[in-house]
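Student: I should like to go through this structure and ask, for each term applied to it, what justifies that term.
Tutor: Please do; each value will be set against its cut-off before a conclusion is drawn.

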Amino acid sequence: MTTEKQQETVELLLNMGPQHPATHGVFRMVLWIDGERVVDVEPHIGYLHRGSEKLCEGESYAQIVTLFDRLDYIANFNNELVVCRAAEKLMGVEVPERAQYIRVILCELNRIASHLLFYGTYGLDAGAMTPVLYAFRERERIQNLFEAVSGARMMHNFFRIGGVNEDVPPDFGQRVRRIMGELRRGMEECDRLLSFNEIFLSRTRGIGAIDAETAIDYGLTGPNLRACGVPYDVRKDDPYEVYDRLEFDVPVAEHGDCWDRYWLRVQEMYQSLHIVEQCLEQMPEGPVMAQLRRIARPPKGEVFVHCENPRGDLGVYLVSDGGPKPYRVKVRPPSFCSLMPLKHLMRGCYVADCVVILGSIDIVLGEVDR
Amino acid sequence: MLATLKGLVTTLAWAFRKPVTAQYPKQHLPIQPRYMGFPALLWDDTAGEPFCTGCMVCVRECPTQCMKAEMKDNPLQQEGKSHRRKIIERFEINWNRCILCGICVEVCNFDAIEMSHVHELGGYARAGSRVTLQELLKYGREFQERSGWKPSNPEKNVAGVALAKEKEKRQPAAAASRSEPASSNPSPGKES
Ligand code: SF4
Ligand code: SF4
């Protein structure tokens with residue numbers, strides 16, 4: 001009798017994370033599994049909570065840029081841009097054109113750096129060890145350029161309310177052009193290495209699919225939404241900075257599975273290179289900072305600004321009471337919303353695919369937890 | 001199968017190329033001229049004193065509150081060697097807390113602080129990264145010598161230049177000299 005009871009099949013509760021290399025940060029999933037199948041999943045977030053939104057209320061506008069650097073710490077420039085734009089919109093500041101071009105160039109390069117990191121770590125998630133080395137080699141070129149421009153490889157604190165901190169070094173254009181050539185070759189190499197590899201394809205094709213309607217319901221944005229076939233891109237649909245003067249495509253895929261999400265990001269990198277090329281050609285001479293008072297004091301009011309982050313639609317809702325510090329800052333993080341359909345994606349999949357699915361939605365925990 | 005072979009060829013090709021990695025502690029990669037290391041204080045050679053007047057603007061604007069500063073009356077000003085009425089007496093930066101944002105450099109009105117190229121902070125004492133005025137000036141000097149740093153506003157901040165200008169002014173009209181010294185400027189950080 002007793003042996004029979006022991007052999008009864010029960011659901012197994014499995015803890016994944018918070019310290020797990022495949023969760024890209026400190027993120028915990030509680031999985032209920034039945035054999036090899038996932039029955040249910042429960043995400044636990046908050047391990048990286050630093051209270052950024054609350055901290056913003058105690059800092060001046062110049063200082064909150066440093067806090068935004070630390071939200072999505074892989075795409076710092078994109079984060080800085082959105083908070084600077086929020087304050088500028090509230091103050092009605094016109095940013096000099098050269099500064100706008102510099103911002104767009106840096107943001108697009110940062111998008112490539114972020115997608116390269118995704119490419120590398122996604123290879124790792126799917127079991128390919130080599131791509132990450134290639135991706136980091138390419139990313140290093142961009143990081144070096146950032147160091148030459150802003151003085152820091154990450155956490156640049158380079159964008160200011162009303163422009164950028166400093167003009168780019170004189171050899172900037174030349175350097176970017178050289179890097180772009182190298183990047184293009186490097187990315188093609190990366191493609192050969194992983195994109196159509198049979199093992200990789202069988203690990204990712206048809207896994208974790210989500211259809212467009214559900215994706216919209218869950219609030220997905222960015223590459224995750226475009227992978228389902230919805231061509232929503234803030235750069236096109238609500239152009240900011242100089243994006244309306246630039247010509248670029250918004251790649252879309254159709255199945256919304258892991259491979260589509262991966263492939264979309266690879267294509268976006270090429271589009272970003274295309275954008276940077278045009279910016280370099282169009283960039284005018286001139287000042288890089290608007291004439292402003294040294295301490296930014298936006299008038300009383302509230303504003304919502306959103307930009308296209310590498311991970312999706314990053315929004316900032318800023319309320320000012322007219323003082324030197326914001327009254328309230330609310331961030332709409334794309335990673336957090338990407339995490340929402342986790343149950344939908346993972347129910348019924350194999351345990352091994354959990355890692356592949358989580359990797360494919362490309363979250364950054366600094367932004368999820370804030 | 002074909003794609004897998006392609007990938008294999010790609011990796012194999014790298015077996016015959018030079019590695020792109022640097023063996024860090026043995027081999028240091030060059031840092032860029034704009035690199036922002038830890039902040040250090042600069043030295044005014046024309047007066048033989050630091051640029052810093054201890055005005056506390058940087059202390060107030062630092063997002064992590066990692067600095068402390070105290071000012072005193074400047075003895076060199078009384079001797080007529082400097083135009084700074086106040087001078088820094090004690091200064092401390094907790095480099096462990098510093099996030100290398102560069103805000104202190106941006107708000108300083110006296111060209112007194114700069115992001116040096118110091119970035120390797122290994123040490124054995126927990127409080128070892130609390131650097132005092134002497135050390136900050138030492139790092140600042142090293143930075144000045146190595147990078148050829150130039151003050152952005154020498155007329156106002158370099159003692160030699162400012163004193164000469166003051167003298168020039170005093171000769172034609174002695175009364176004009178009172179409003180000139182720059183040391184007690186209204187600081188823009190006051191509002192916060
Ligand atoms: S703002 Fe400049 S002068 Fe004032 S205390 Fe700081 S370093 Fe010294
Ligand atoms: S760099 Fe930033 S954190 Fe560091 S001392 Fe200066 S203001 Fe403070």
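Student: How many helices and strands does the secondary structure of chain B come to?
Tutor: In this predicted model, chain B has seven helices and seven strands. Read from the N terminus, the elements of chain B follow the order α-β-β-β-α-β-α-β-α-β-β-α-α-α.

Student: What share of the contacts in chain B comes from residues 24 or more positions apart?
Tutor: Among contacts in chain B with a separation of 6 or more, residues 24 or more positions apart account for 74%. As for burial, 41% of the 192 residues in chain B are buried.

Student: What makes B:E92 and B:R130 a salt bridge?
Tutor: The cut-off is 4 Å between a side-chain nitrogen of Lys or Arg and a carboxyl oxygen of Asp or Glu. The closest N and O atoms of B:E92 and B:R130 are 2.6 Å apart, so the pair satisfies the rule. B:E92 belongs to strand β5 (residues 86-94) of chain B and B:R130 to strand β7 (residues 130-132), so the salt bridge ties together parts that are 38 residues apart in sequence.

Student: Why is B:R130 called partly exposed?
Tutor: Buried requires under 20% relative accessible area and exposed over 50%. The relative accessible area of B:R130 is 38%, so B:R130 is partly exposed.

Student: Which residues are around ligand 1?
Tutor: The residues around ligand 1 include B:C52, B:C55, B:C58 and B:C108, together with B:M56 and B:F110. By class, this shell has nine nonpolar, two polar and no charged residues.

Student: How many residues surround ligand 2, and which are the closest?
Tutor: Ligand 2 is surrounded by 13 residues, the closest being B:C62, B:C98, B:C101, B:G102 and B:C104. The shell around ligand 2 divides into 11 nonpolar, two polar and no charged residues.

Student: How many residues of each chain are in contact where chain A meets chain B?
Tutor: There are 35 residues of chain A in contact with 29 residues of chain B. The buried area between the two chains is about 2600 Å², and carbon and sulfur atoms give 47% of it.

Student: How do you know that B:R34 and A:E166 meet in a salt bridge?
Tutor: Their side chains come to 3.5 Å, N to O, and the limit is 4 Å, so the term applies. The rule finds two salt bridges across the interface of chain A and chain B. The count of residue pairs in polar contact between these chains is seven.

Student: Which helix gives the most to the side of chain A that touches chain B?
Tutor: Helices α3 (61-69), α6 (131-150) and α7 (172-195) of chain A each supply at least two residues to that side. The most comes from α6(A), with seven residues. By class, the side of chain A that touches chain B has 10 nonpolar, 11 polar and 14 charged residues.

Student: What does the salt bridge between A:D167 and A:R98 tie together?
Tutor: The closest N and O atoms of A:D167 and A:R98 are 3.1 Å apart. A:D167 lies in the loop between β5 (163-164) and α7 of chain A and A:R98 in helix α5 (residues 97-126), so the pair ties together parts that are 69 residues apart in sequence. A:D167 is partly exposed, at 28% relative accessible area, whereas A:R98 is buried, at 7%.

Student: How far apart in helix α6 of chain A are A:R141 and A:E138?
Tutor: They are three residues apart, so about one helical turn separates them. Their salt bridge has its closest N and O atoms 3.0 Å apart. A:E138 has 0% relative accessibility and therefore counts as buried, while A:R141, at 25%, is partly exposed.

Student: What makes the phi of A:N157 notable, and is this residue buried or exposed?
Tutor: Most residues other than glycine have a negative phi. A:N157 has a positive phi of about 50° although it is not a glycine. A:N157 lies in the loop between α6 and β4 (159-160) of chain A. Its relative accessibility is 2%, so A:N157 counts as buried.

Technical notes:
Residues numbered from 1 in each chain as written. Chains lettered and ligands numbered in written order. Predicted model: local features only at pLDDT ≥ 70, side-chain atom pairs only at ≥ 80, totals over all residues. Heavy atoms only, no water. Contact = heavy atoms within 4.5 Å. Buried area = accessible area lost by both parts, 1.4 Å probe. Polar contact = N/O pair within 3.5 Å; in protein donor to acceptor, adjacent residues only side chain to side chain. Helix = DSSP H or I, 4+ residues; strand = E, 2+ residues; numbered from the N terminus. Nonpolar A, V, L, I, M, F, W, Y, C, P; charged D, E, K, R; others polar. Near = heavy atom within 4 Å. Buried < 20%, exposed > 50% of the residue type's maximum accessible area, 1.4 Å probe, protein only.
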